[in-house]
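Trainee: Could we go through the labels on this model together? I would like to see the reasoning behind each one.

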Amino acid sequence: MPEHWWLRRRATTATSRPALRTSPAARFGDDDYGDFCRRTLEEHEAVDLSRSRRFGQWHSPVRVSMAVDRDRSMVTHGHPLPCRSPR
């Protein structure tokens, strides 16, 4: 699972805004969430994802921030990357 992918996404988005060329080597699943993330970064943030790969039969990890009793935690759900080649 990509560690700290959310931090890389924020850094990627931030560097693409002042007209710098940004091209991360990220991993995306072939699920709806992976498609949403790719589409958002490419179309709305102008991030070049040509170095990124999409893995079939793998769903993208999801991380959420939960606040309980004035304490915030980050919870991640995901699976290890498949061993086969990306598509």
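Mentor: Happy to! Let's start with Asp35, which has a relative accessible area of 26% and is therefore partly exposed, since that class lies between under 20% for buried and over 50% for exposed. Keep in mind that this is a predicted model.

Trainee: What makes the contact of Asp35 and Arg54 a salt bridge?

Mentor: A side-chain nitrogen of Lys or Arg has to lie within 4 Å of a carboxyl oxygen of Asp or Glu. The side chains of Asp35 and Arg54 meet at 3.0 Å, N to O, so the pair fulfils the cut-off of 4 Å. In general, side chains of opposite charge can pair when their charged atoms come close.

Trainee: Which parts does the pair of Asp35 and Arg54 tie together?

Mentor: Asp35 lies in helix 2 and Arg54 in strand 2, so the bridge links parts that are 19 residues apart in sequence. As for Arg54, its relative accessible area is 24%, so this residue is partly exposed.

Trainee: How many salt bridges does a search of the whole structure find?

Mentor: The search finds 2. One of them joins Arg38 and Glu42, with the closest N and O atoms 3.8 Å apart, so this pair also meets the limit of 4 Å. Arg38 and Glu42 are 4 residues apart in helix 2, or about one helical turn.

Trainee: Why is Arg38 called buried?

Mentor: Its relative accessible area is 17%, and buried means under 20%, so Arg38 falls in that class. Its partner Glu42 has 38% and is therefore partly exposed.

Trainee: Now the aromatic rings. Why is the pair of Tyr33 and Phe36 called stacked?

Mentor: The search of the whole structure finds 2 aromatic pairs. In the pair of Tyr33 and Phe36, the ring centres are 6.4 Å apart and the planes are at 25 degrees, so the pair is stacked. The cut-offs are centres within 6.5 Å and planes under 30 degrees apart. Both residues lie in helix 2, 3 residues apart, about one turn of the helix. Tyr33 has a relative accessible area of 28% and Phe36 has 44%, so each counts as partly exposed.

Trainee: What makes the pair of Phe55 and Trp58 edge-to-face?

Mentor: Their ring centres are 6.1 Å apart, with the planes at 75 degrees, and an angle over 60 counts as edge-to-face, so the label follows. Phe55, at 9% relative accessibility, counts as buried, and Trp58 is buried too, with 4%.

Trainee: What is notable about the phi of Gln57?

Mentor: Phi of Gln57 is near 60 degrees, a positive value in a residue other than glycine. Gln57 sits in the loop between strand 2 and strand 3 (62-68). With a relative accessible area of 70%, Gln57 passes the limit of over 50%, so the residue is exposed.

Trainee: And where is Ala46 placed?

Mentor: Ala46 is in the loop between helix 2 (32-44) and strand 2 (53-55). Its phi is positive, about 55 degrees, although Ala46 is not a glycine. At 59% relative accessibility, Ala46 counts as exposed.

Trainee: Finally, what does the secondary structure of the protein chain come to?

Mentor: It comes to 2 helices and 4 strands, running α-β-α-β-β-β from the N terminus on. Of the 87 residues, 28% count as buried.

Key: Residues numbered from 1 in each chain as written. Predicted model: local features only at pLDDT ≥ 70, side-chain atom pairs only at ≥ 80, totals over all residues. Heavy atoms only, no water. Buried < 20%, exposed > 50% of the residue type's maximum accessible area, 1.4 Å probe, protein only. Phe/Tyr/Trp six-rings, centres within 6.5 Å; stacked < 30°, edge-to-face > 60°.
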